[in-house]
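Me: I keep tripping over the labels people put on residues. Can you go through some with me and show the reasoning behind each?

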Amino acid sequence: MDLFDVLTLIGGLALFLFGMNVMGNSLERRAGSKLKELLGKLTSRKIFGFLTGLGVTAVIQSSSATTVMVVGFVNSGLLSLRQAIGIIMGANVGTTVTAWILSLSGISSGNFFIRLLEPMSFSPILAIIGVGLTMMSKSDKKKDIGMILLGFAVLMFGMDTMSGAVAGLKDVPEFRNLFLMFTNPILGVLAGAILTGIIQSSSASVGILQALSATGQVTYGAAIPIIMGQNIGTCVTALISSVGANKNAKRAAVVHLLFNIVGTVVWLIVFYVVNAFVHFSFVGGPIDQVGIAVVHTAFNVLCTALLFPASGLLEKMACRLVPDGKTPDKIQILDERLLATPTMAIGRCQEVAGTMARISMDAMRTGCALVKEYDPKAAQAVRETEAEADQYEDMLGTYLVKLARADLSEENSQQVSKLLHIIGDFERISDHAVNLVESAEEMRSKGLRFSPAAQKELDILFAAVEEIMDLSLTAFLENDLDKAMEVEPLEEVVDTLKEQLRNRHILRLQRGECTIEQGFVWSDLLTDLERVADHCSNIAGCVIEMTHNSLGVHELLDYVKAGSPSFTRTYKAFARKYALMDQDSRLS
């Protein structure tokens, strides 16, 4: 093996790692929403967690990525440690899928149909299709599919290049002696752990071992401890990601490490004890790519079979190794570890924005109630809620800006942009709630009261604003397009009500039925309520635009008002529902 073979090996390794990274990231982007649904449906039952971890890892081809996500979810309070253990075990089994895919490169036959199954036969076709979809398609979905195909083709080319580069080592005694050294189980485990810890991917290190097995010099006796060590080395990523996390998140990373260490120690002892008596004939024989995939899968399945019933013991061990501190941990609502999985991060932002939306709307409802009947404790609660909404806006805004810098699809980029706009509307609604509290306090301090007729008019406007808040909140939380489409007609009704109430107030002023001081408060209330309706309209507009990506919010709403018969029908229904009493009736 000369210098040029070494350069070819390095180039093949680079292609292999690059292809695996491209394919994994593209699979993650394409499957992100499904992954969120899977994780969202988790219960405390361990088997569901195991199956979820297996499925997610099989899709994104990386147990490291799955465990990092798990650490992030535990740190955010979305998963308990017990739920995380099942997912981690499933991830260890799911990662073996990659070895089976890579073992396809070991297929060799003169039969035409079997040769079609060889990766180097169909990889060029996949590469051409992938390039075509990536360069010519405008759809994010097709571009991601193109990158998946292209990543797979590059990965297989890299695998084939590595295998070809090391082929000359089969006649090198030093290379044979190197792998004879790894038949020492301790050295083999250390070698596998160190290599995997450096490249932080057990799938990649198993692929490298499969490429080296093409020399025929890698024996089962050397490969088995190396594969076990690779499972330990992949824990490095989760351990690094847990730095700075809360206690439970650190425990999740420790559970991952304990699972692989305990499994390695137990099954390594079992294997060598049984071999001492039985003397397995295959131990000294060469292992091929399929054999490596079999060993990798068998080891992880056996580890799960051993430790799955003892997951409670793993949890206790992790709690002993990472004990509780003197002060309770704070839940990190938005964990930066999730930024590595943008779709999951966006989903988490939507959930946190939903919490912000609820508290802002509740503050507004309380503010309306305080205008009618003042309560100092409720007034203080509204101010505290407004401060909390400000904190949510700062936290979400900072996180979303960081998320916007990630490699996002066009759809995800638009979602981030809409969320940045929407959280501003929720924050402003909480500000208007405080304005209502201040108006209520001014009325109380000055001994002002509205006439019964004026109060009835104001109650009608309160009811209309409360319904528009309910509609926009439901539209946002449930992505309900029908509710969103009802907001704009009701917003028009609120605008009309505001003008009617302003005009009626002027009539009362002219007749001396109210004072200037009452008028100032009245005007402030109308302005705040009308602006809350405007913010609800903005929220609903963003929900609509997320469904129809072709128009901006205002252009879309103008289009809806101008061209939709249902708009007029809905507007008339709300106008009748919130109609004021006739002008000829007594106003006070």
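Reply: Sure! Start with this one: buried means under 20% relative accessible area. Keep in mind that this is a predicted model.

Me: So why is C542 called buried?

Reply: C542 has 4% relative accessibility, and the cut-off is under 20%, so C542 counts as buried.

Me: What makes C319 buried, partly exposed or exposed?

Reply: Exposed needs over 50%, and partly exposed sits between that and the buried limit. C319 comes in at 29%, so it counts as partly exposed.

Me: How many disulfides are there?

Reply: Zero. A pair of cysteine sulfur atoms would have to be within 2.5 Å.

Me: Why is the pair K372 and D459 called a salt bridge?

Reply: The rule asks for a Lys or Arg side-chain nitrogen within 4 Å of a carboxyl oxygen of Asp or Glu. For K372 and D459, the closest N and O atoms are 4.0 Å apart. K372 lies in helix α17 and D459 in helix α20, so the pair ties together parts that are 87 residues apart in sequence.

Me: And what does the pair E545 and K418 tie together?

Reply: Their closest N and O atoms are 3.7 Å apart, and they form a salt bridge. E545 is in helix α22 and K418 in helix α19, so this pair ties together parts that are 127 residues apart in sequence.

Me: How do you know whether E545 and K418 are buried or exposed?

Reply: Same cut-off, under 20%. E545 has 11% relative accessibility, so it counts as buried. K418 has a relative accessible area of 10%, so K418 is buried too.

Conventions
Residues numbered from 1 in each chain as written. Predicted model: local features only at pLDDT ≥ 70, side-chain atom pairs only at ≥ 80, totals over all residues. Heavy atoms only, no water. Buried < 20%, exposed > 50% of the residue type's maximum accessible area, 1.4 Å probe, protein only. Helix = DSSP H or I, 4+ residues; strand = E, 2+ residues; numbered from the N terminus.
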